[in-house]
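Trainee: I'd like to learn how to read salt bridges and interfaces in a model. Could we work through one together?
Mentor: Gladly; let's open it up and begin with charged pairs.

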Amino acid sequence: MTEIKTVGVCGSGTMGAGIAIVAARAGYRTVVFDENADALTRAEAQTESFLAKSVERGKMAEAEKSDVLARFERSTDISAMASADVVIEAVVEDLAVKRALFARLNEVCPEHALFASNTSTLSITEIAGGCGREDRVAGMHFCLPAQLMKLVEMSPGLNTSPESFTRAWAFCEALGQRPVQTKDSPGFVLNYFLVPFNNDVIRMVEAGVAEPGGIDQAIKTGLGYKMGPCELLDLVGLDTQILLCDAFYGVTHDPRAAAPPLLKRMVAAGRLGRKSGRGFFDYGRDAMFGG
Amino acid sequence: MTTHSIIDSGDSRSFPSSHPLLDNSVEDGAVAIHIGARPNFRPDPSKLAILIELGTECLGVHTGESRGKEGSNVLGFARFRLGDGEPSDLIELVRQPDTDDAAIEAARAVLEAAGLTVTVCRDFAGRILDRLIRPYYNQALAQLDQGLATADDMDLTLKLGLGYPEGPIELLERTGLEHHHDVSKALFEVYGDHHYAPARRAVVAKMRQMRREQ
Ligand SMILES: NC(=O)c1ccc[n+]([C@@H]2O[C@H](COP(=O)([O-])OP(=O)(O)OC[C@H]3O[C@@H](n4cnc5c(N)ncnc54)[C@H](O)[C@@H]3O)[C@@H](O)[C@H]2O)c1
(Lines give C-alpha, C1' and ligand atoms only; values in the text may rest on other atoms or scores of the structure.)
Protein backbone atom coordinates (compact mmCIF):
# COMPACT_ATOMS: atom_id res chain seq x y z
CA MET A 1 0.00 0.00 0.00
CA THR A 2 1.44 3.36 -1.04
CA GLU A 3 1.62 6.00 1.64
CA ILE A 4 -0.45 9.08 0.93
CA LYS A 5 1.74 12.16 0.63
CA THR A 6 0.06 14.29 -1.98
CA VAL A 7 -3.62 15.16 -2.09
CA GLY A 8 -5.17 16.46 -5.29
CA VAL A 9 -8.26 18.65 -5.10
CA CYS A 10 -10.22 19.32 -8.29
CA GLY A 11 -12.43 22.38 -8.20
CA SER A 12 -11.44 25.41 -6.18
CA GLY A 13 -14.89 26.80 -5.40
CA THR A 14 -16.65 26.97 -2.05
CA MET A 15 -16.08 23.32 -1.16
CA GLY A 16 -12.78 22.66 -2.92
CA ALA A 17 -11.12 25.63 -1.22
CA GLY A 18 -12.23 24.34 2.19
CA ILE A 19 -11.23 20.73 1.51
CA ALA A 20 -7.79 21.89 0.34
CA ILE A 21 -7.30 23.72 3.65
CA VAL A 22 -8.21 20.54 5.54
CA ALA A 23 -5.64 18.54 3.54
CA ALA A 24 -2.80 21.05 3.84
CA ARG A 25 -3.50 21.58 7.55
CA ALA A 26 -3.26 17.81 8.08
CA GLY A 27 0.26 17.90 6.65
CA TYR A 28 -0.30 16.76 3.06
CA ARG A 29 1.21 18.40 0.03
CA THR A 30 -1.93 19.77 -1.60
CA VAL A 31 -2.30 20.31 -5.32
CA VAL A 32 -5.39 22.18 -6.43
CA PHE A 33 -6.69 22.10 -9.99
CA ASP A 34 -9.42 24.33 -11.37
CA GLU A 35 -10.07 25.12 -15.01
CA ASN A 36 -10.78 28.70 -13.98
CA ALA A 37 -7.70 30.69 -12.93
CA ASP A 38 -9.82 33.26 -11.08
CA ALA A 39 -11.22 30.53 -8.86
CA LEU A 40 -7.66 29.57 -7.88
CA THR A 41 -6.68 33.16 -7.13
CA ARG A 42 -9.83 33.74 -5.10
CA ALA A 43 -9.30 30.56 -3.08
CA GLU A 44 -5.68 31.48 -2.43
CA ALA A 45 -6.69 34.82 -0.93
CA GLN A 46 -9.50 33.19 1.08
CA THR A 47 -7.12 30.54 2.39
CA GLU A 48 -4.60 33.12 3.56
CA SER A 49 -7.21 35.17 5.34
CA PHE A 50 -8.79 32.06 6.91
CA LEU A 51 -5.43 30.88 8.25
CA ALA A 52 -4.58 34.40 9.46
CA LYS A 53 -7.83 34.32 11.45
CA SER A 54 -6.89 30.91 12.87
CA VAL A 55 -3.61 32.45 14.09
CA GLU A 56 -5.43 35.49 15.51
CA ARG A 57 -7.78 33.22 17.42
CA GLY A 58 -4.89 31.21 18.83
CA LYS A 59 -5.87 28.03 16.98
CA MET A 60 -2.65 27.95 14.99
CA ALA A 61 0.92 29.26 15.41
CA GLU A 62 2.30 31.74 12.86
CA ALA A 63 5.02 29.27 11.81
CA GLU A 64 2.43 26.56 11.26
CA LYS A 65 0.46 28.92 9.03
CA SER A 66 3.52 29.43 6.82
CA ASP A 67 4.08 25.66 6.69
CA VAL A 68 0.46 25.06 5.67
CA LEU A 69 0.63 27.72 2.94
CA ALA A 70 3.89 26.27 1.66
CA ARG A 71 2.19 22.90 1.10
CA PHE A 72 -0.11 24.37 -1.58
CA GLU A 73 0.33 24.19 -5.33
CA ARG A 74 -2.27 25.49 -7.75
CA SER A 75 -2.77 24.87 -11.43
CA THR A 76 -5.22 25.22 -14.29
CA ASP A 77 -3.61 22.18 -15.90
CA ILE A 78 -4.93 18.74 -14.97
CA SER A 79 -1.46 17.23 -15.41
CA ALA A 80 -0.64 18.76 -12.00
CA MET A 81 -2.61 15.78 -10.62
CA ALA A 82 0.09 13.37 -11.83
CA SER A 83 1.68 13.23 -8.38
CA ALA A 84 -1.54 12.79 -6.38
CA ASP A 85 -2.03 9.71 -4.20
CA VAL A 86 -5.65 10.72 -3.56
CA VAL A 87 -7.83 13.05 -5.61
CA ILE A 88 -10.95 14.63 -4.14
CA GLU A 89 -13.17 16.20 -6.75
CA ALA A 90 -15.39 19.16 -5.84
CA VAL A 91 -16.21 20.48 -9.29
CA VAL A 92 -19.67 21.57 -10.39
CA GLU A 93 -22.57 19.19 -9.53
CA ASP A 94 -23.00 17.75 -13.01
CA LEU A 95 -22.78 14.03 -13.72
CA ALA A 96 -21.31 14.37 -17.22
CA VAL A 97 -18.63 16.82 -16.01
CA LYS A 98 -17.64 14.61 -13.09
CA ARG A 99 -17.53 11.47 -15.24
CA ALA A 100 -15.37 13.17 -17.85
CA LEU A 101 -13.07 14.47 -15.11
CA PHE A 102 -12.56 11.02 -13.56
CA ALA A 103 -11.88 9.45 -16.96
CA ARG A 104 -9.24 12.12 -17.63
CA LEU A 105 -7.76 11.78 -14.13
CA ASN A 106 -7.48 8.04 -14.70
CA GLU A 107 -5.06 8.76 -17.53
CA VAL A 108 -3.07 11.34 -15.57
CA CYS A 109 -2.86 9.89 -12.06
CA PRO A 110 -0.70 7.01 -10.78
CA GLU A 111 -2.26 3.55 -10.71
CA HIS A 112 -2.54 3.46 -6.92
CA ALA A 113 -4.32 6.82 -6.60
CA LEU A 114 -7.75 6.82 -4.95
CA PHE A 115 -10.51 9.02 -6.36
CA ALA A 116 -13.14 10.57 -4.10
CA SER A 117 -16.19 12.61 -5.03
CA ASN A 118 -17.71 15.32 -2.87
CA THR A 119 -21.04 15.13 -4.71
CA SER A 120 -24.14 15.99 -2.67
CA THR A 121 -26.82 14.41 -4.80
CA LEU A 122 -25.29 12.23 -7.53
CA SER A 123 -24.58 8.52 -7.32
CA ILE A 124 -20.97 7.51 -6.64
CA THR A 125 -21.48 4.41 -8.76
CA GLU A 126 -22.65 6.49 -11.71
CA ILE A 127 -19.84 9.01 -11.36
CA ALA A 128 -17.27 6.21 -11.21
CA GLY A 129 -18.85 4.20 -14.04
CA GLY A 130 -16.52 3.78 -16.99
CA CYS A 131 -13.68 5.85 -15.52
CA GLY A 132 -11.32 2.88 -15.64
CA ARG A 133 -10.78 2.48 -11.89
CA GLU A 134 -14.24 2.06 -10.39
CA ASP A 135 -12.73 -0.13 -7.68
CA ARG A 136 -10.74 2.83 -6.35
CA VAL A 137 -13.52 5.44 -6.19
CA ALA A 138 -15.46 6.39 -3.06
CA GLY A 139 -17.89 9.09 -1.97
CA MET A 140 -16.47 11.62 0.48
CA HIS A 141 -19.12 14.20 1.22
CA PHE A 142 -17.78 17.06 3.31
CA CYS A 143 -20.08 19.60 4.97
CA LEU A 144 -20.07 23.33 4.37
CA PRO A 145 -17.83 25.02 5.52
CA ALA A 146 -15.42 22.13 5.00
CA GLN A 147 -12.52 23.83 6.80
CA LEU A 148 -14.60 23.90 10.02
CA MET A 149 -16.98 20.95 9.86
CA LYS A 150 -15.58 17.57 10.90
CA LEU A 151 -18.23 15.30 9.44
CA VAL A 152 -17.62 13.41 6.19
CA GLU A 153 -20.25 11.02 4.81
CA MET A 154 -18.40 8.19 3.09
CA SER A 155 -20.05 5.85 0.65
CA PRO A 156 -18.71 2.98 -1.40
CA GLY A 157 -20.02 2.66 -4.95
CA LEU A 158 -21.19 -0.75 -6.20
CA ASN A 159 -17.74 -1.49 -7.62
CA THR A 160 -15.60 0.07 -4.88
CA SER A 161 -13.27 -2.58 -3.48
CA PRO A 162 -13.28 -3.08 0.29
CA GLU A 163 -9.50 -2.36 0.41
CA SER A 164 -9.94 0.97 -1.36
CA PHE A 165 -12.77 1.93 0.93
CA THR A 166 -10.68 1.05 3.97
CA ARG A 167 -7.81 3.15 2.62
CA ALA A 168 -10.12 6.09 1.90
CA TRP A 169 -11.59 5.78 5.40
CA ALA A 170 -8.15 5.80 7.03
CA PHE A 171 -7.18 8.79 4.90
CA CYS A 172 -10.30 10.64 6.04
CA GLU A 173 -9.35 10.01 9.67
CA ALA A 174 -5.78 11.10 8.96
CA LEU A 175 -7.23 14.39 7.69
CA GLY A 176 -8.60 14.86 11.20
CA GLN A 177 -12.18 14.40 9.99
CA ARG A 178 -14.94 12.18 11.38
CA PRO A 179 -16.16 9.72 8.72
CA VAL A 180 -19.56 8.03 8.89
CA GLN A 181 -20.55 5.32 6.45
CA THR A 182 -23.68 5.64 4.35
CA LYS A 183 -25.03 3.81 1.34
CA ASP A 184 -24.60 5.26 -2.14
CA SER A 185 -28.17 6.55 -2.22
CA PRO A 186 -29.53 10.01 -3.11
CA GLY A 187 -28.42 12.63 -0.59
CA PHE A 188 -26.65 10.06 1.61
CA VAL A 189 -27.93 10.81 5.14
CA LEU A 190 -27.87 14.59 5.55
CA ASN A 191 -29.51 15.80 2.38
CA TYR A 192 -31.81 12.79 2.26
CA PHE A 193 -33.41 14.11 5.45
CA LEU A 194 -32.86 17.82 5.02
CA VAL A 195 -34.16 18.54 1.51
CA PRO A 196 -37.69 17.14 1.98
CA PHE A 197 -37.88 18.49 5.54
CA ASN A 198 -37.12 22.00 4.32
CA ASN A 199 -39.69 21.59 1.55
CA ASP A 200 -42.31 20.61 4.14
CA VAL A 201 -41.48 23.84 5.98
CA ILE A 202 -41.94 25.87 2.80
CA ARG A 203 -45.29 24.18 2.13
CA MET A 204 -46.31 24.94 5.71
CA VAL A 205 -45.55 28.63 5.17
CA GLU A 206 -47.48 28.52 1.91
CA ALA A 207 -50.48 26.88 3.62
CA GLY A 208 -50.49 29.69 6.18
CA VAL A 209 -50.07 27.35 9.15
CA ALA A 210 -47.59 29.75 10.75
CA GLU A 211 -45.18 32.56 9.86
CA PRO A 212 -41.56 31.67 8.98
CA GLY A 213 -40.38 33.31 12.23
CA GLY A 214 -42.91 31.27 14.19
CA ILE A 215 -41.83 28.01 12.61
CA ASP A 216 -38.17 28.75 13.33
CA GLN A 217 -38.98 29.67 16.91
CA ALA A 218 -40.98 26.46 17.38
CA ILE A 219 -38.16 24.32 16.00
CA LYS A 220 -35.50 26.01 18.10
CA THR A 221 -37.48 26.04 21.35
CA GLY A 222 -39.24 22.71 20.95
CA LEU A 223 -36.41 20.65 19.51
CA GLY A 224 -33.31 22.56 20.58
CA TYR A 225 -32.01 23.05 17.02
CA LYS A 226 -29.46 25.84 16.75
CA MET A 227 -30.95 27.29 13.62
CA GLY A 228 -34.49 27.38 12.29
CA PRO A 229 -35.22 25.89 8.84
CA CYS A 230 -36.21 29.24 7.30
CA GLU A 231 -32.98 30.88 8.50
CA LEU A 232 -31.06 27.89 7.16
CA LEU A 233 -32.80 28.05 3.77
CA ASP A 234 -32.00 31.76 3.53
CA LEU A 235 -28.37 30.97 4.29
CA VAL A 236 -28.07 28.09 1.81
CA GLY A 237 -29.93 30.09 -0.84
CA LEU A 238 -33.40 29.35 -2.16
CA ASP A 239 -31.99 28.91 -5.67
CA THR A 240 -29.69 26.18 -4.32
CA GLN A 241 -32.69 24.51 -2.66
CA ILE A 242 -34.39 24.36 -6.09
CA LEU A 243 -31.29 22.71 -7.59
CA LEU A 244 -31.24 20.18 -4.75
CA CYS A 245 -34.97 19.50 -5.21
CA ASP A 246 -34.58 18.98 -8.94
CA ALA A 247 -31.64 16.60 -8.44
CA PHE A 248 -33.52 14.60 -5.82
CA TYR A 249 -36.93 14.53 -7.36
CA GLY A 250 -35.37 13.43 -10.63
CA VAL A 251 -33.99 10.34 -8.94
CA THR A 252 -36.49 9.51 -6.21
CA HIS A 253 -39.81 10.90 -7.52
CA ASP A 254 -40.71 11.47 -3.88
CA PRO A 255 -43.33 14.26 -3.86
CA ARG A 256 -41.75 15.71 -0.69
CA ALA A 257 -38.56 16.29 -2.69
CA ALA A 258 -40.28 18.27 -5.44
CA ALA A 259 -39.68 22.03 -5.31
CA PRO A 260 -42.75 23.61 -3.69
CA PRO A 261 -44.55 26.30 -5.74
CA LEU A 262 -43.77 29.00 -3.15
CA LEU A 263 -40.05 28.26 -3.43
CA LYS A 264 -40.19 28.76 -7.20
CA ARG A 265 -42.15 31.99 -6.83
CA MET A 266 -39.70 33.35 -4.28
CA VAL A 267 -36.74 32.63 -6.56
CA ALA A 268 -38.59 34.18 -9.51
CA ALA A 269 -39.13 37.27 -7.35
CA GLY A 270 -35.42 37.48 -6.61
CA ARG A 271 -35.84 36.46 -2.97
CA LEU A 272 -32.90 34.10 -2.83
CA GLY A 273 -32.11 34.49 0.87
CA ARG A 274 -29.18 36.29 2.46
CA LYS A 275 -27.28 36.64 -0.78
CA SER A 276 -30.00 38.82 -2.33
CA GLY A 277 -30.85 40.57 0.93
CA ARG A 278 -34.26 38.95 1.22
CA GLY A 279 -35.69 35.48 1.47
CA PHE A 280 -38.03 34.36 4.23
CA PHE A 281 -36.55 37.24 6.21
CA ASP A 282 -35.35 40.69 5.26
CA TYR A 283 -31.64 41.31 5.70
CA GLY A 284 -31.42 44.92 4.62
CA ARG A 285 -29.56 46.13 1.59
CA ASP A 286 -25.96 45.36 2.52
CA ALA A 287 -26.61 41.85 3.84
CA MET A 288 -24.78 40.41 0.83
CA PHE A 289 -21.57 41.80 2.11
CA GLY A 290 -22.19 41.51 5.83
CA GLY A 291 -23.37 37.87 5.62
CA MET B 1 -50.79 41.77 34.98
CA THR B 2 -53.42 39.54 33.40
CA THR B 3 -54.69 36.94 35.87
CA HIS B 4 -55.53 33.38 34.97
CA SER B 5 -57.26 30.35 36.39
CA ILE B 6 -56.30 26.74 35.76
CA ILE B 7 -59.14 24.24 35.35
CA ASP B 8 -57.57 20.79 35.57
CA SER B 9 -59.40 17.71 34.29
CA GLY B 10 -56.43 15.45 35.10
CA ASP B 11 -53.60 13.77 33.17
CA SER B 12 -52.31 16.89 31.44
CA ARG B 13 -49.51 16.09 28.99
CA SER B 14 -48.49 19.73 28.88
CA PHE B 15 -48.20 20.19 32.62
CA PRO B 16 -47.52 16.82 34.24
CA SER B 17 -45.76 18.40 37.22
CA SER B 18 -45.50 21.73 38.99
CA HIS B 19 -44.93 24.82 36.89
CA PRO B 20 -45.17 28.60 37.50
CA LEU B 21 -48.27 28.69 35.28
CA LEU B 22 -50.04 26.31 37.69
CA ASP B 23 -48.63 27.97 40.81
CA ASN B 24 -49.91 31.41 39.82
CA SER B 25 -53.49 30.34 39.16
CA VAL B 26 -56.18 32.46 40.86
CA GLU B 27 -59.95 32.09 41.37
CA ASP B 28 -61.93 33.46 38.43
CA GLY B 29 -58.93 34.86 36.51
CA ALA B 30 -59.32 36.93 33.35
CA VAL B 31 -57.98 34.03 31.26
CA ALA B 32 -59.31 30.49 31.77
CA ILE B 33 -56.91 27.67 30.98
CA HIS B 34 -58.31 24.18 30.68
CA ILE B 35 -55.61 21.58 31.09
CA GLY B 36 -55.92 17.82 31.08
CA ALA B 37 -57.16 15.08 28.86
CA ARG B 38 -60.89 15.68 29.29
CA PRO B 39 -61.47 19.43 29.08
CA ASN B 40 -64.99 20.40 30.02
CA PHE B 41 -65.30 23.84 28.56
CA ARG B 42 -68.23 26.21 28.22
CA PRO B 43 -68.15 29.42 26.15
CA ASP B 44 -67.77 32.50 28.34
CA PRO B 45 -67.52 35.83 26.51
CA SER B 46 -66.64 37.56 29.80
CA LYS B 47 -63.15 36.00 29.71
CA LEU B 48 -60.30 37.71 27.90
CA ALA B 49 -59.37 34.29 26.56
CA ILE B 50 -60.21 30.64 27.14
CA LEU B 51 -57.46 28.14 26.41
CA ILE B 52 -58.04 24.44 25.85
CA GLU B 53 -55.22 21.91 25.95
CA LEU B 54 -55.18 19.87 22.75
CA GLY B 55 -53.94 16.39 22.03
CA THR B 56 -53.75 15.42 18.38
CA GLU B 57 -57.23 16.82 17.72
CA CYS B 58 -58.05 20.21 16.23
CA LEU B 59 -59.49 23.07 18.27
CA GLY B 60 -62.58 22.92 16.05
CA VAL B 61 -63.53 19.64 17.74
CA HIS B 62 -64.21 21.66 20.90
CA THR B 63 -65.62 24.86 19.41
CA GLY B 64 -67.39 23.69 16.28
CA GLU B 65 -66.63 25.15 12.85
CA SER B 66 -68.67 26.93 10.21
CA ARG B 67 -67.89 28.29 6.74
CA GLY B 68 -64.28 29.14 7.61
CA LYS B 69 -65.56 31.93 9.84
CA GLU B 70 -65.12 30.23 13.20
CA GLY B 71 -63.24 32.06 15.91
CA SER B 72 -63.95 33.67 19.27
CA ASN B 73 -62.03 34.15 22.51
CA VAL B 74 -61.32 30.40 22.60
CA LEU B 75 -57.83 29.18 21.70
CA GLY B 76 -56.18 25.77 21.67
CA PHE B 77 -52.73 25.05 22.95
CA ALA B 78 -50.22 22.31 23.59
CA ARG B 79 -46.84 22.43 25.24
CA PHE B 80 -44.60 20.55 22.86
CA ARG B 81 -43.47 17.25 24.25
CA LEU B 82 -42.15 14.06 22.72
CA GLY B 83 -43.57 10.91 24.27
CA ASP B 84 -42.11 10.27 27.70
CA GLY B 85 -39.64 13.16 27.39
CA GLU B 86 -39.88 16.29 29.51
CA PRO B 87 -42.18 18.96 28.09
CA SER B 88 -40.31 21.74 26.30
CA ASP B 89 -40.85 25.46 26.92
CA LEU B 90 -42.68 25.79 23.62
CA ILE B 91 -46.41 26.46 23.54
CA GLU B 92 -48.09 26.07 20.18
CA LEU B 93 -51.06 28.42 20.49
CA VAL B 94 -53.83 27.55 18.07
CA ARG B 95 -56.09 30.14 16.55
CA GLN B 96 -59.01 29.96 14.14
CA PRO B 97 -59.67 32.28 11.17
CA ASP B 98 -61.72 34.78 13.19
CA THR B 99 -60.13 34.44 16.61
CA ASP B 100 -60.03 37.75 18.56
CA ASP B 101 -56.59 39.32 18.41
CA ALA B 102 -57.10 40.50 21.99
CA ALA B 103 -57.61 36.91 23.10
CA ILE B 104 -54.35 35.86 21.43
CA GLU B 105 -52.46 38.68 23.11
CA ALA B 106 -53.97 37.95 26.54
CA ALA B 107 -53.08 34.26 26.20
CA ARG B 108 -49.58 35.11 25.07
CA ALA B 109 -49.06 37.49 28.01
CA VAL B 110 -50.12 34.90 30.58
CA LEU B 111 -48.02 32.11 29.06
CA GLU B 112 -44.92 34.25 28.57
CA ALA B 113 -45.19 35.54 32.14
CA ALA B 114 -44.86 31.89 33.21
CA GLY B 115 -41.59 31.59 31.26
CA LEU B 116 -43.00 29.83 28.19
CA THR B 117 -42.27 30.64 24.54
CA VAL B 118 -45.39 31.08 22.41
CA THR B 119 -45.75 30.38 18.70
CA VAL B 120 -49.11 31.04 17.10
CA CYS B 121 -50.38 28.65 14.45
CA ARG B 122 -53.61 27.86 12.70
CA ASP B 123 -55.83 24.92 13.51
CA PHE B 124 -54.30 21.98 11.66
CA ALA B 125 -53.65 18.46 12.92
CA GLY B 126 -50.15 18.21 14.30
CA ARG B 127 -49.88 22.01 14.52
CA ILE B 128 -46.28 22.91 13.57
CA LEU B 129 -43.82 20.49 15.05
CA ASP B 130 -45.58 17.15 14.93
CA ARG B 131 -46.61 17.87 11.38
CA LEU B 132 -42.99 18.55 10.42
CA ILE B 133 -41.07 15.96 12.36
CA ARG B 134 -43.17 12.80 12.09
CA PRO B 135 -42.26 12.14 8.43
CA TYR B 136 -38.60 12.67 9.36
CA TYR B 137 -38.80 10.14 12.19
CA ASN B 138 -40.60 7.61 9.98
CA GLN B 139 -37.93 8.08 7.32
CA ALA B 140 -35.16 7.55 9.86
CA LEU B 141 -36.74 4.34 11.16
CA ALA B 142 -37.36 3.05 7.64
CA GLN B 143 -33.80 3.82 6.59
CA LEU B 144 -32.44 2.02 9.61
CA ASP B 145 -34.23 -1.07 8.27
CA GLN B 146 -32.91 -0.45 4.78
CA GLY B 147 -29.33 -0.03 5.93
CA LEU B 148 -28.71 3.57 4.82
CA ALA B 149 -26.44 3.81 7.85
CA THR B 150 -26.17 2.27 11.31
CA ALA B 151 -28.22 3.87 14.09
CA ASP B 152 -25.04 5.34 15.58
CA ASP B 153 -23.84 6.77 12.27
CA MET B 154 -27.26 8.18 11.41
CA ASP B 155 -27.53 9.90 14.79
CA LEU B 156 -23.97 11.18 14.64
CA THR B 157 -24.38 12.48 11.09
CA LEU B 158 -27.40 14.58 11.99
CA LYS B 159 -25.78 15.89 15.15
CA LEU B 160 -22.45 16.80 13.57
CA GLY B 161 -23.80 17.83 10.18
CA LEU B 162 -26.84 19.85 11.23
CA GLY B 163 -26.13 20.63 14.87
CA TYR B 164 -29.18 18.73 16.13
CA PRO B 165 -28.88 18.09 19.87
CA GLU B 166 -29.93 14.47 19.43
CA GLY B 167 -30.14 12.04 16.51
CA PRO B 168 -33.54 10.66 15.49
CA ILE B 169 -32.99 7.07 16.59
CA GLU B 170 -31.67 7.84 20.06
CA LEU B 171 -34.41 10.45 20.50
CA LEU B 172 -37.19 8.02 19.55
CA GLU B 173 -35.79 5.32 21.81
CA ARG B 174 -35.52 7.76 24.71
CA THR B 175 -39.04 9.15 24.35
CA GLY B 176 -40.84 5.97 23.28
CA LEU B 177 -41.42 4.65 19.79
CA GLU B 178 -44.98 3.74 20.70
CA HIS B 179 -45.80 7.42 21.34
CA HIS B 180 -44.39 8.30 17.95
CA HIS B 181 -46.64 5.61 16.50
CA ASP B 182 -49.76 7.10 18.07
CA VAL B 183 -49.11 10.68 16.93
CA SER B 184 -47.99 9.70 13.47
CA LYS B 185 -50.99 7.42 12.99
CA ALA B 186 -53.37 10.20 14.03
CA LEU B 187 -51.80 12.51 11.44
CA PHE B 188 -51.87 9.78 8.80
CA GLU B 189 -55.62 9.47 9.33
CA VAL B 190 -56.12 13.19 8.81
CA TYR B 191 -53.72 13.84 5.95
CA GLY B 192 -53.76 10.45 4.20
CA ASP B 193 -50.12 11.08 3.33
CA HIS B 194 -48.06 7.89 3.48
CA HIS B 195 -45.11 9.75 5.01
CA TYR B 196 -47.14 9.82 8.22
CA ALA B 197 -47.85 6.08 8.15
CA PRO B 198 -45.98 4.81 11.23
CA ALA B 199 -42.73 3.08 10.26
CA ARG B 200 -42.38 -0.66 10.86
CA ARG B 201 -40.26 -0.20 14.00
CA ALA B 202 -42.89 2.10 15.51
CA VAL B 203 -45.64 -0.44 14.73
CA VAL B 204 -43.60 -3.17 16.42
CA ALA B 205 -43.09 -1.01 19.51
CA LYS B 206 -46.81 -0.26 19.63
CA MET B 207 -47.77 -3.93 19.35
CA ARG B 208 -45.35 -4.83 22.12
CA GLN B 209 -46.88 -2.14 24.32
CA MET B 210 -50.34 -3.56 23.65
CA ARG B 211 -49.16 -7.07 24.52
CA ARG B 212 -47.66 -5.83 27.78
CA GLU B 213 -50.91 -4.17 28.69
CA GLN B 214 -53.17 -7.13 27.85
N1 LIG C 1 -21.84 24.17 -1.49
C2 LIG C 1 -22.23 23.24 -0.63
O3 LIG C 1 -22.91 23.50 0.37
C4 LIG C 1 -21.79 21.81 -0.84
C5 LIG C 1 -21.71 20.96 0.27
C6 LIG C 1 -21.24 19.66 0.09
C7 LIG C 1 -20.93 19.23 -1.19
N8 LIG C 1 -21.06 20.07 -2.26
C9 LIG C 1 -20.65 19.55 -3.59
O10 LIG C 1 -19.35 20.02 -3.85
C11 LIG C 1 -19.18 20.22 -5.26
C12 LIG C 1 -18.71 21.63 -5.52
O13 LIG C 1 -19.65 22.54 -5.00
P14 LIG C 1 -19.26 24.06 -4.72
O15 LIG C 1 -20.41 24.63 -3.96
O16 LIG C 1 -17.91 24.15 -4.17
O17 LIG C 1 -19.27 24.64 -6.22
P18 LIG C 1 -18.56 25.96 -6.79
O19 LIG C 1 -19.36 26.38 -7.95
O20 LIG C 1 -18.31 26.94 -5.70
O21 LIG C 1 -17.13 25.44 -7.31
C22 LIG C 1 -16.96 24.57 -8.38
C23 LIG C 1 -15.59 24.85 -8.99
O24 LIG C 1 -15.30 23.81 -9.91
C25 LIG C 1 -14.67 24.37 -11.05
N26 LIG C 1 -14.87 23.46 -12.16
C27 LIG C 1 -16.02 23.19 -12.83
N28 LIG C 1 -15.82 22.23 -13.74
C29 LIG C 1 -14.52 21.88 -13.67
C30 LIG C 1 -13.70 20.94 -14.35
N31 LIG C 1 -14.21 20.16 -15.30
N32 LIG C 1 -12.40 20.85 -14.02
C33 LIG C 1 -11.89 21.65 -13.06
N34 LIG C 1 -12.61 22.56 -12.37
C35 LIG C 1 -13.90 22.67 -12.68
C36 LIG C 1 -15.31 25.73 -11.22
O37 LIG C 1 -14.47 26.59 -11.95
C38 LIG C 1 -15.51 26.16 -9.77
O39 LIG C 1 -14.42 26.91 -9.30
C40 LIG C 1 -20.50 19.85 -5.90
O41 LIG C 1 -20.45 18.52 -6.30
C42 LIG C 1 -21.48 20.03 -4.77
O43 LIG C 1 -22.63 19.25 -4.91
C44 LIG C 1 -21.46 21.35 -2.10
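Trainee: With which residue does Asp101(B) form a salt bridge, and how far apart are the closest N and O atoms?
Mentor: Keep in mind that this is a predicted model. The general idea is that side chains of opposite charge can pair when their charged atoms come close. Here the partner of Asp101(B) is Arg95(B), with the closest N and O atoms 4.0 Å apart.

Trainee: Is Asp101(B) buried or exposed?
Mentor: Asp101(B) has a relative accessible area of 54%, and the cut-off for exposed is over 50%, so Asp101(B) is exposed.

Trainee: Which residue pairs with Glu170(B) in a salt bridge?
Mentor: That is Lys159(B), and the closest N and O atoms are 2.9 Å apart. Look at where the two sit: Glu170(B) belongs to helix H6 (residues 168-175) of chain B and Lys159(B) to helix H5 (residues 151-162) of chain B, so this pair ties together parts that are eleven residues apart in sequence. Glu170(B) is partly exposed at 28% relative accessible area, and Lys159(B) is partly exposed at 27%.

Trainee: What about chain A: which parts does the salt bridge of Glu206(A) and Arg265(A) tie together?
Mentor: Glu206(A) is in helix H7 of chain A and Arg265(A) is in helix H11 (residues 261-268) of chain A, so the bridge joins parts 59 residues apart in sequence. Their side chains meet at 2.9 Å, N to O. Glu206(A) is partly exposed, at 33% relative accessibility, and so is Arg265(A), at 48%.

Trainee: Which residues are linked in a network of salt bridges?
Mentor: Glu89(A), Glu93(A) and Lys98(A) are linked in such a network. Over all chains, the count comes to 26 salt bridges.

Trainee: Now the interface. How many salt bridges are there between chain A and chain B?
Mentor: The count there is zero. For polar contacts between chain A and chain B, the count is ten residue pairs, both residues being at pLDDT 80 or more. For the extent of the interface, look at contacts and buried area: 38 residues of chain A are in contact with 40 residues of chain B, and the two chains bury about 3400 Å² between them, 70% of it on carbon and sulfur atoms.

Trainee: Which residues of chain A lose the most area to chain B?
Mentor: Phe193(A), Val209(A) and Tyr225(A) do, together giving 18% of what that side buries. Among the elements that give two or more residues to this side are strand E7 (151-156) and helix H8 (212-223) of chain A. H7(A) provides the largest share, nine residues. By class, the side of chain A that touches chain B has 22 nonpolar, nine polar and seven charged residues.

Trainee: Can the same reading be used inside one chain? How many residues of domain 1 of chain B are in contact with domain 2 of chain B?
Mentor: Eight residues of domain 1 are in contact with eleven residues of domain 2 of chain B. Chain B is divided into domain 1 (4-121) and domain 2 (129-213), and 27 Å separate their centres, taken over C-alpha atoms. The area buried between these domains is about 780 Å², with 65% of it from carbon and sulfur atoms. The count between them is zero salt bridges and three residue pairs in polar contact, both residues at pLDDT 80 or more.

Conventions
Residues numbered from 1 in each chain as written. Chains lettered and ligands numbered in written order. Heavy atoms only, no water. Contact = heavy atoms within 4.5 Å. Buried area = accessible area lost by both parts, 1.4 Å probe. Polar contact = N/O pair within 3.5 Å; in protein donor to acceptor, adjacent residues only side chain to side chain. Helix = DSSP H or I, 4+ residues; strand = E, 2+ residues; numbered from the N terminus. Nonpolar A, V, L, I, M, F, W, Y, C, P; charged D, E, K, R; others polar. Domains from an automatic or database assignment. Buried < 20%, exposed > 50% of the residue type's maximum accessible area, 1.4 Å probe, protein only.
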